[in-house]
Amino acid sequence: MKKFGLVLVGLVVVLPVLVGVADAGEATRRLVPAMFVLGDSTLDVGNNNHLKGQGVPRADKPFFGIDFPGGAMSTGRFSNGYNIADFIAKYLGFDRSPVAYLALKSRNYLIPGAMDRGVSFASAGAGILDSTNAGKNIPLSQQVRYMASTKAAMEAAKGTRKVSKLLADSFFLLGIGSNDIILSTAKTPGDIAALFTFLVSNYTVAITDLYGMGARNLGIINVGPVGCVPLVRVVNATGACNDGMNRLAMVLAAKIKSAVASLATSLPGLSYSLGDSFAFFQPIFANPQASGFLSVDTACCGSGRLGAEGVCMRNSRLCGNRDAYMFWDWVHSTQRVAELGAQALFQDGPAQVTAPISFKQLALLACKTCSMMTD
Ligand SMILES: *[C@@H]1O[C@H](CO)[C@@H](O)[C@H](O)[C@H]1NC(C)=O
Ligand SMILES: *[C@@H]1O[C@H](CO)[C@@H](O)[C@H](O)[C@H]1NC(C)=O
């Protein structure tokens, strides 16, 4: 009798939990089974916290994360809260970005993490070229190698068929190239031409390698107006954008756009959506108030002129209304900009940020059998 009572109590406790889980799953149905992220600080969710060395950029202290849901948390995101990888993940039906690769490794949780919702390899300071910020980040080529070893580990545990299907149905998010432009020392037309050649060919190799691993759906955030970040503006006495730097970024963005389009014709089954960051940012810079911004040139968290003469840290000056600032620190956007950016990528409006299809259309195409999946 006593035993029976215990079983009954157990059932009563377990049932509501199961119902709760089912409800939550229904409310946020995933468009894809997993998401894999490669890129720079705009997407990093904590990989750099696991890198050793003095010069490694880390967002592991206040005021980073001051608006992160659930209380102030410096998670490694270069933002006051969520970054654009988080908002893209939300549109895909996840609660936030997949966890950082090095965090999963350190918790011995890589395979379950990868199988359940994917992995983020993004690393602050990273470039398309290994030489960009060398030794202080995980460059794109190494992120691709980490993806290859993740795939191998998943296959060893779960079998090739299951992993191939997962990767083919997954959403691969890429966003990189700004650091290569900001830190470039190329001056002569010849050096600049060589830089573009290396950037485009290294990016092409990375995408081709991912395709070789079975990636079929790429959402790419293209290089944007890096000449307008406070760190660059502060060099100019008037606080103007560096037009030369923006021109370089614009040329690179155009070259990446045509390289990706040509890859999509040569690699069967590859689908992509390319987000044009210039198209997203230009209307905001031109008319900030229409998008709810009061400041488009000053870091919310920082020091000195334009908040751009020092990194964001615990004793920095902090702006009042963080949602009214485009820039969180001297380089990175606020959570509000990331939210609007993801919105533009998914629900493309008059600015025509994405081509040839939106991130949402890509996600809907990505997993043709997801609605039928039972396991
Ligand atoms: C990648 O860029 C580097 C320069 O940083 C260059 O030496 C290398 O050849 C490039 N790789 C490819 C495949 O273009
Ligand atoms: C500052 O910006 C203005 C406006 O873009 C430009 O004309 C000027 O050359 C810039 N000065 C420097 C030192 O870059």
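Student: What makes the pair formed by Ser 201 and ligand 1 a polar contact?

Tutor: In this predicted model, an N or O atom in the side chain of Ser 201 is 2.2 Å from an oxygen atom of ligand 1. The cut-off for a pair of N or O atoms is 3.5 Å, so this pair counts as a polar contact.

Student: And what makes Asn 202 a polar contact of ligand 1?

Tutor: The reasoning runs along similar lines. A polar side-chain atom of Asn 202 lies 2.3 Å from an oxygen atom of ligand 1, and the pair therefore falls within the 3.5 Å limit.

Student: Which residues surround ligand 1, and how much of its accessible area does the protein cover?

Tutor: Around ligand 1 you will find Leu 129, Ser 131, Phe 198, Ser 201, Asn 202 and Val 205. Of the 360 Å² of accessible area that ligand 1 has on its own, the protein covers 54%.

Student: How do you know how the shell of ligand 1 divides into nonpolar, polar and charged?

Tutor: Leu, Phe and Val count as nonpolar, while Ser and Asn count as polar. The shell of ligand 1 therefore divides into 3 nonpolar, 3 polar and no charged residues.

Student: Let's turn to ligand 2. What surrounds it?

Tutor: Ligand 2 has Asn 236, Thr 238, Ala 240 and Asp 243 around it. Taken alone, ligand 2 exposes 360 Å², and the protein buries 31% of that. The shell of ligand 2 holds 1 nonpolar, 2 polar and 1 charged residue.

Student: What makes Asn 236 a polar contact of ligand 2?

Tutor: A polar side-chain atom of Asn 236 is 2.2 Å from an oxygen atom of ligand 2. With the limit at 3.5 Å, the pair therefore qualifies.

Student: Now the loop between β1 and α2, where Asn 49 is found. Why is Asn 49 called partly exposed?

Tutor: Its relative accessibility is 30%. Partly exposed covers the range between the 20% and 50% cut-offs, so Asn 49 belongs there.

Student: Ala 59 lies in the loop between β1 and α2 as well. Is Ala 59 buried or exposed, and why?

Tutor: Ala 59 has 0% relative accessibility. Buried means under 20%, so Ala 59 counts as buried. Leaving aside neighbours within four places in sequence, Ala 59 is in contact with residues including Asn 49, Phe 64 and Phe 78.

Student: Which residues does Asn 49 touch?

Tutor: Not counting residues up to four places away in sequence, Asn 49 touches Arg 58, Ala 59, Asp 60, Thr 75 and Gly 76. Asn 49 and Thr 75 are 26 residues apart in sequence, with 8.5 Å between their C-alpha atoms.

Definitions and conventions:
Residues are numbered from 1 along each chain as its sequence is written. Chains are lettered from A and ligands numbered from 1 in the order in which they are written. This is a predicted model: local features need pLDDT of at least 70, side-chain atom pairs count only at pLDDT 80 or more; totals for chains, interfaces and linings use all residues. Side-chain values use heavy atoms; hydrogens and water are left out. Helices (H or I, at least four residues) and strands (E, at least two) are DSSP runs, numbered from the N terminus. Buried means under 20% relative accessible area, exposed over 50%, partly exposed in between (1.4 Å probe, protein chains only). Contact means heavy atoms within 4.5 Å. A residue is near a molecule or strand if one of its heavy atoms lies within 4 Å of it. A polar contact is a pair of N or O atoms within 3.5 Å; within protein, one must be able to donate a hydrogen and the other to accept it, and residues adjacent in sequence count only if both atoms are side-chain atoms. Accessible areas come from the Shrake-Rupley method with a 1.4 Å probe; for residues, only the protein chains shown count as cover.
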